[in-house]
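Got the structure open? Here's a quick briefing to help you find your way around.

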Amino acid sequence: MEVLQQTSGTNFYQHTANVSGEAFALPVKGDSMTSFNGGKSIPEGSVIIVDLCLGAEHGKVVVAMLNDSEEATLKQLVIDGGAKYLKPFNNSYPTLSIKGNCTIIGVVKQVIQDF
């Protein structure tokens, strides 16, 4: 079991994800990845383990930075016929089309949730 240190240097998270040395932990804010219809869900307050060295592939959950935003977003990457989208698990939020206006920061390897 590895321990990742958050960039602030104050929080440590135990995890079992097989990650590179270029991984970090990030708390989830907002409910765009909370599914209210069943299936996969990453609720607010969860902590995600993100690896910077993994390739972003169709179906993977990624942390991305849109060019017109000052905050990173957590979404599922969908690649359909060469077109790329960032899809939320919460159907109340729109699927975002990305065409060179986005940088994929890393791929989520694990979600930690406290109950």
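Below you'll find notes on confidence, the sheet and the largest pocket.

Keep in mind that this is a predicted model. Its average pLDDT is 88, and its main topics here are an open sheet of seven strands and a pocket of about 430 Å³.

**How far to trust it**
- A pLDDT of at least 70 is reached by 91% of the residues.
- Watch out for residues 1–6, where pLDDT stays under 50. The model still gives this stretch 25 contacts beyond four places in sequence.
- Where pLDDT is low, don't read the predicted coordinates in detail.

**The sheet**
- Trace the strands across the sheet and you get the order 3-4-9-5-6-7-8, with antiparallel pairing.
- Strand 3 (23–27) and strand 8 (96–98) sit at the edges with a single partner strand each, so one side of each has no neighbour in the sheet.
- Going from one strand to the next, the twist averages 45°.
- In general, strands of a sheet pair through backbone hydrogen bonds, and they can do that parallel or antiparallel.
- For a pair to look at up close, try strand 4 (residues 47–51) and strand 9 (residues 102–112): they run antiparallel and are joined by five bridges.
- Asp 51, for instance, has Val 107 in strand 9 as its bridge partner.

**The largest pocket**
- The largest pocket has a volume of about 430 Å³, and 20 residues line it.
- Nearest its centre are Lys 29, Glu 71, Ala 72, Thr 73 and Leu 74.
- Strand 3 and strand 6 (73–80) are the elements that each give two or more residues to the lining.
- What is the lining of the largest pocket made of, in nonpolar, polar and charged residues? The split is twelve nonpolar, four polar and four charged.

Technical notes:
Residues are numbered from 1 along each chain as its sequence is written. This is a predicted model: local features need pLDDT of at least 70, side-chain atom pairs count only at pLDDT 80 or more; totals for chains, interfaces and linings use all residues. Side-chain values use heavy atoms; hydrogens and water are left out. Two strands pair if DSSP finds at least two bridges between them. Helices (H or I, at least four residues) and strands (E, at least two) are DSSP runs, numbered from the N terminus. Axes are lines fitted to C-alpha atoms, for helices over the stretch in contact, and angles run from 0 to 180 degrees between N-to-C directions. On a 1 Å grid over the protein atoms alone, a cavity is a set of points where a 1.4 Å probe fits but cannot get out, and a pocket is an open set with protein on both sides within 12 Å along at least five of seven lines; lining residues have an atom within 4 Å of a point. Grid points are joined across faces, edges and corners, and a volume is the space filled by probe spheres set on the points. Ala, Val, Leu, Ile, Met, Phe, Trp, Tyr, Cys and Pro count as nonpolar, Asp, Glu, Lys and Arg as charged, and the others, Gly among them, as polar. pLDDT is the predictor's confidence in each residue, from 0 to 100. Contact means heavy atoms within 4.5 Å.
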